[in-house]
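Trainee: I've got a new model open and I'm not sure where to begin. Can we go through it together?

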Amino acid sequence: MITMIPRTIFGEEHEIFRKSVGRFVETEIVPNHSKWEKEGKVSREAWLMAGKAGILCCAIPEEYGGMGGDFLHSAIVIEEMARVGASGPAFSLHSDIVAPYILKYGTEELRRRWLPPMATGEVLAAIAMTEPSGGSDLQAMRTTAKREGDEYVINGQKVFITNAQGADILIVACKTDPAAGGKGISLILVEKNREGLSLGRLLDKIGSKAMDTSEVFLENVRVPVTNLIGVENQGFIHLMTELAQERLVQCVRAVANAEAALQWTIDYTTERKAFGKTIAAMQATQFTLAELHAEIMVNRVFIDRCIQLHLEGKFEAIDAAVAKLSSVEMQGRVLDRCLQLFGGWGYMTEMPIARAFADARQSRLAGGAIEVMKHIIGRSIVKR
């Protein structure tokens, strides 16, 4: 195993949990992942098994069905999935992105209705923000929710929605005051079985093949006003507040995945021979591995510090932008150079490095494109 600076953010309880998660991933995820990639979605049984194993909604309080842990428990699940290249199950989206919106901004009725079955895997959740015309520009969204009496009537279209096919509920970002721009956005929980909600086909992506991703269409979808998440017209503020954790999820995954890729490459190059010696014995290979090891180590220490700040409530939007820019760009470089050391085999999808290379490309897009991160950082620097 590659050696990094000892990590200090995890306690004994967390390491016991890591072993449990690791066993679950090896027995329930790894043997089935290739089948899910062919089918384009993860089986419902896998979600129920994850709920039974206690790895869903780790940071949700016990009173709402969660394990009552913290983001460190969530990070462990993300890391153990990333280490085996399991990009299909959207456990972190469900547990660490959607669930916190309901916990922090939902009514007590919504918390008690939806969080317990989310923790068991009986209810799957998704969040619908991105639109065909808007991309990372959330303020430009066109989906509207017009209030009529005690109901909202929602019309619009969303795209690239992860978990959409399997989800039972979606948190939909929409304009409740279209004339107010970003100050007119609200978040509304929409049950999948609502009349007028329909899904497009499974989108054919270059990577993350087992992760179901679809368009969502909303035509005169009526939901009670009690399904409002947070304060009406304050949705953009809620989104910006929670995006820091969403981006940190991307960072945790990126570093763990890069570590795994480096280990796969070390194992391969120390076995594979060319010109009478192992590839790892060549100085050029050693220099490449050394550079990648250094890049990963620097990002590992940095992201661990970001996790600590997040636990202390001190992880801000600018920090999240810097963390994402650094870690996912590093991930891309590491995966590319590791694949090169596999030679022609690195281009074959039967090899974990090839699948990880394709899967990792979404990291620079998800949770806000890299260009948006640069914009956030640059604007902050100029203001200071």
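Trainee: Let's start with charge: how far apart are the mean positions of the positive and negative charges of the protein chain?

Mentor: Keep in mind that this is a predicted model. The protein chain carries 44 positive and 47 negative charges. Take the mean position of each set, and the gap between the two comes to 4 Å.

Trainee: Okay, and how many helices and strands are there in the protein chain?

Mentor: Both kinds of element turn up here. Glutamate 246, for one, is in helix α6, which covers residues 235-271, while phenylalanine 160 is in strand β3, residues 151-162. Counting along the chain gives ten helices and ten strands.

Trainee: What is the radius of gyration of the protein chain, and how compact does that make it?

Mentor: For 384 residues, the globule rule gives 21 Å. The chain's own value is close to that, so the chain is as compact as a globular protein of that length. As for its extents, the C-alpha trace spans about 80 × 50 × 40 Å along the principal axes. The radius of gyration you asked for is 21 Å.

Trainee: What share of the residues is buried?

Mentor: A residue counts as buried when its relative accessible area is under 20%. Of the 384 residues in the protein chain, the buried share is 53%.

Trainee: Glutamate 246 caught my eye. Which side chain of opposite charge is nearest to it, and how far away is that?

Mentor: Glutamate 246 is buried, yet it has no salt bridge. A salt bridge needs a nitrogen of Lys or Arg within 4 Å of a carboxyl oxygen. Here the nearest oppositely charged side chain is that of arginine 247, at 6.7 Å.

Trainee: So which residues does glutamate 246 touch?

Mentor: Leave out residues up to four places away in sequence. What remains for glutamate 246 is Ile97, Met129 and Gly367.

Trainee: Why does phenylalanine 160 count as exposed?

Mentor: The cut-off for exposed is over 50% relative accessible area. Phenylalanine 160 also has a positive phi, near 60 degrees, though it's a residue other than glycine. It counts as exposed because its relative accessibility is 56%.

Trainee: And asparagine 220: buried, partly exposed or exposed?

Mentor: Asparagine 220 is in strand β7, residues 213-224, and has a positive phi of about 50 degrees without being a glycine. Partly exposed lies between the 20% and 50% cut-offs. At 48% relative accessibility, asparagine 220 is therefore partly exposed.

Terms used. Residues numbered from 1 in each chain as written. Predicted model: local features only at pLDDT ≥ 70, side-chain atom pairs only at ≥ 80, totals over all residues. Heavy atoms only, no water. Helix = DSSP H or I, 4+ residues; strand = E, 2+ residues; numbered from the N terminus. Buried < 20%, exposed > 50% of the residue type's maximum accessible area, 1.4 Å probe, protein only. Lys, Arg positive; Asp, Glu negative; His and termini not counted. Contact = heavy atoms within 4.5 Å. Rg over C-alpha atoms; globule rule 2.2 N^0.38 Å. Charge placed at Lys NZ, Arg CZ, Asp CG, Glu CD.
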